[in-house]
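Colleague: I would like to walk through this structure with you. Can we take it in short questions and answers?

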Amino acid sequence: MKQITCNTFLDFQYLSAPAVSPDGRYTAYIRQLPDLESNTYPASLWLYCHADGQDKELLPLETARIFTWLDAENILFSKKEKGDGSQDATTSYCKVSVHGGEAEVLFTVPVKGGAAYPLGDGRFVLTAAWDCRQPSLEGLSASEAETAMKAYREQPFELLEEVPAWGNGLGFTSGTRNRLCVYDPADGTLEYLTEPPFKVADFSAKDGKVLYIGNRFEDVQTLRNAVYVWDAGTGETRCLLAQDKYIVKLFAIWKDKAVLCLTDGQAYGNGQNGDFYCIDFAGGEPALLTKHDHHCVGSTVGTDCKLGLGAASCVMDDTLYYISTVDTGSRIEALDLGTGAAVPVTSGGSVEFISAAAGKLVATAFRENRLGELYDFTDGEPVPMTHANDAVLGEYAIAAPEYMEVQTGGDLPIQGWVMKPAGYVPGQKYPAILSIHGGPRLSYGDIFFHEMQTLSAAGYFVIFCNPRGSEGRGNAFADIRGRFGTIDYEDIMGFLDAALEKYPDIDPERLGVGGGSYGGFMTNWIIGHTGRFKAACSQRSICDWTGMEGTTDIGYYFVKGQIGASHREDHEKLWEKSPVRYLDQCKTPTLVLHSDQDYRCWTMQAYELFAALQMNRVPSRLCMFSGENHELSRSGRPRQKLRRLEEITAWYDKYLKG
């Protein structure tokens with residue numbers, strides 16, 4: 001069989017956004033395949049028939065990756081919007097039949113629109129992008145409107161008036177809002193349900209009710225959202241939950257109630273996992289359904305083979321289905337909304353996106369060390385629906401992660417894995433790479449990870465684990481606020497030592513270490529505290545907490561929330577926890593990978609790290625990827641994603657094999 005290489009991902013197909021039809025006969029979903037020539041991931045809308053297992057492509061999609069069922073026979077999706085600004089944009093919404101044929105434009109709205117859902121009375125609810133800084137065109141002549149828009153587009157600076165001023169993958173966001181609106185194709189009227197400076201975070205529509213969450217701010221955005229319900233029949237809007245009380249992790253409509261996963265963050269900070277509540281649409285206090293200590297909603301299990309969007313929760317009949325990370329995997333759990341009893345539906349692997357309707361439960365999932373596919377979980381046991389990646393994986397030798405548990409001094413053992421190198425011969429010595437995940441409230445599992453498979457195929461042992469700070473073991477285990485670089489460092493190094501003992505063919509003199517985001521922070525911390533690694537790869541990392549607070553899209557709350565200090569209140573504590581402080585002790589050759597549009601960990605982190613290494617005469621190399629952001633390793637453009645992997649393997653080869 002062939003060995004996996006850096007460019008093998010170009011043959012992978014990425015499945016996302018499964019949506020079961022209202023009658024349960026079909027599941028629509030999106031497929032994407034990397035295209036090196038265009039340097040994109042072209043998307044197509046696919047349809048799976050549950051009656052006969054037929055899986056077919058309906059049509060290619062443009063830039064939009066959002067669709068919904070219009071009825072049991074037709075799918076509604078949006079086409080690329082026109083216009084340079086939110087107030088001169090248009091978006092067309094089209095429908096396509098499950099029986100095929102050409103798509104037809106159903107209606108066009110005079111906004112840059114997002115997802116649109118039918119209200120059941122001929123109208124549609126959708127979100128519209130809005131820039132509060134754009135000039136109002138109301139009452140202006142055509143020439144006056146053109147002059148005003150020209151001046152707006154050609155302004156010589158970005159106006160920043162609030163925090164965060166930008167967002168990773170979004171660019172500058174100051175002054176931008178999502179507004180909720182209702183469009184009536186019959187008379188072409190567009191009614192706004194929300195007014196700036198309120199920002200709609202998300203919404204759900206069912207049976208003529210629209211449940212939406214968001215917050216109002218004019219200077220610093222809060223993480224805590226208000227919850228509202230709008231009645232299409234009466235036009236009434238009711239506030240169910242006031243702003244600044246809770247962080248809303250999940251929201252859904254069930255009968256005449258809102259189902260919410262809420263946390264006040266008092267015990268474990270902003271990352272605290274939430275509990276489930278119900279609030280009647282008529283009003284009242286949240287009624288507790290059940291406590292929940294694990295992460296939801298969604299999977300925190302890392303892979304570089306997931307692309308696209310999709311739902312992480314849904315309601316069918318009297319049951320809420322949601323994705324929760326428990327131990328080393330993410331699973332579907334079912335919450336009985338009448339009794340509050342929650343039970344797991346699936347086990348093993350990682351479930352990414354789910355959908356349920358008319359008795360049918362489907363999901364995209366990574367199982368049995370394979371790439372993501374669609375599965376039918378209606379009867380509990382997974383039944384494969386698609387085989388998009390069977391052929392490509394059938395050609396390659398796949399390394400199997402071998403599970404380990406290691407006691408490192410905490411209340412729970414540390415879970416992790418070791419992958420042997422391709423062609424492993426017992427008694428022969430091999431180099432090894434210690435890989436550290438991001439977050440820190442993320443996790444590793446035993447699912448397919450292209451980067452690790454590539455390193456294994458290149459002749460390396462690959463070692464990875466979930467230290468304290470990771471998700472999957474509850475709030476207390478995941479809480480390392482103020483302790484970055486302490487107990488997590490002990491867990492990671494303790495797991496490494498146990499792996500060296502269990503696998504004596506690992507050469508302790510040829511160890512590499514690498515990771516991204518929090519994993520990059522830990523890589524930077526490690527090379528400043530030990531010289532046992534002969535090569536390092538620090539990606540999209542944090543090296544200086546004192547400069548992060550005011551330069552990133554999350555820094556204004558993340559730094560104080562995680563480290564317990566801000567540069568205005570306890571600057572010395574931030575400096576004490578900054579890896580750059582200790583790099584005068586570093587001798588490890590280090591590759592630094594960063595992206596010039598990474599607004600999660602701003603470029604100053606990479607430049608400062610690289611400069612410190614260079615001034616200490618440490619062999620180092622900085623690759624700043626143009627036009628990419630914090631998601632380079634996952635959804636970066638194919639050419640850049642390929643070059644990233646080539647840089648990593650070449651660096652390790654140079655210092656661990658040379």
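Modeller: Yes. Strand E35 (residues 506-516) and E36 run parallel, and five bridges join them. Keep in mind that this is a predicted model.

Colleague: Which residue stands opposite Ala536 in E36?

Modeller: Look along E35, which is joined to E36 by bridges. The residue opposite Ala536 is Val513.

Colleague: Through which helix does the chain cross from E35 to E36, and what is the handedness of the crossover?

Modeller: The two strands run parallel. The chain crosses between them through helix H6 (residues 518-527). This β-α-β crossover is right-handed.

Colleague: Which strand is joined to E36 by four bridges, and which of its residues stands opposite Cys537?

Modeller: The strand is E37 (residues 590-595), and it runs parallel to E36. Within E37, the residue opposite Cys537 is Leu591.

Colleague: Are the residues of E36 buried or exposed?

Modeller: In a regular strand the side chains alternate between the two faces of the sheet. Here Ala535, Cys537 and Gln539 point one way, while Ala536 and Ser538 point the other way. Five of the five residues of E36 (residues 535-539) are enclosed, so the strand is largely surrounded by the rest of the structure. Both sets are buried.

Colleague: Why is Cys6 not bonded to Cys537, and how many disulfides are there?

Modeller: A disulfide is a covalent bond between the sulfur atoms of two cysteines. The cut-off is 2.5 Å between the sulfurs. The cysteine sulfur closest to that of Cys6 is in Cys537, but it is 12 Å away, so the two are too far apart for a bond. The count of disulfides is zero.

Colleague: How far from Cys181 is the nearest cysteine sulfur?

Modeller: Cys181 is in no disulfide. Its relative accessibility is 0%, so Cys181 counts as buried. The nearest cysteine sulfur is that of Cys132, and the distance is 14 Å.

Colleague: What is the strand order in the open sheet of four strands, and which are the edge strands?

Modeller: The order is E19-E20-E21-E22, with antiparallel pairing. From one strand to the next, the twist averages 30°. An edge strand pairs on one side only, and that holds for E19 (247-254) and E22 (287-290).

Colleague: What is the bridge partner of Cys278 in E22?

Modeller: Strand E21 (residues 275-280) and E22 run antiparallel, joined by three bridges. In E22, the partner of Cys278 is Ala287.

Colleague: Is the pair of Phe484 and Trp545 stacked or edge-to-face?

Modeller: There are 37 aromatic pairs in the whole structure. In this one, the ring centres are 5.7 Å apart and the planes meet at 80°. Planes over 60 degrees apart count as edge-to-face. So by that cut-off, the pair is edge-to-face.

Colleague: How many residues apart are Phe521 and Trp545 in sequence?

Modeller: Phe521 and Trp545 form a tilted pair, with 55° between the planes. Both residues are buried. Phe521 lies in helix H6 and Trp545 in the loop between E36 and H7, so the pair ties together parts of the chain whose separation in sequence is 24 residues.

Colleague: Which residues do ring pairs link into a cluster?

Modeller: Trp545 pairs with Phe484 and with Phe521. Ring pairs link these residues with others, and the cluster is Phe484, Tyr518, Phe521, Trp525, Trp545, Phe558 and Tyr582.

Colleague: Over the face of which ring does Arg179 lie?

Modeller: Arg179 is 4.6 Å from the ring centre. The ring belongs to Trp130.

Notes: Residues are numbered from 1 along each chain as its sequence is written. This is a predicted model: local features need pLDDT of at least 70, side-chain atom pairs count only at pLDDT 80 or more; totals for chains, interfaces and linings use all residues. Side-chain values use heavy atoms; hydrogens and water are left out. Buried means under 20% relative accessible area, exposed over 50%, partly exposed in between (1.4 Å probe, protein chains only). Two strands pair if DSSP finds at least two bridges between them. A crossover is right-handed if, with the strands pointing away from the viewer, the path from the first strand over the helix to the second runs clockwise. Axes are lines fitted to C-alpha atoms, for helices over the stretch in contact, and angles run from 0 to 180 degrees between N-to-C directions. Rings of Phe, Tyr and Trp (its six-membered ring) pair if their centres lie within 6.5 Å; planes under 30 degrees apart count as stacked, over 60 as edge-to-face and the rest as tilted. A charge sits over a ring if NZ of Lys or CZ of Arg is within 6 Å of the ring centre and within 35 degrees of the ring normal.
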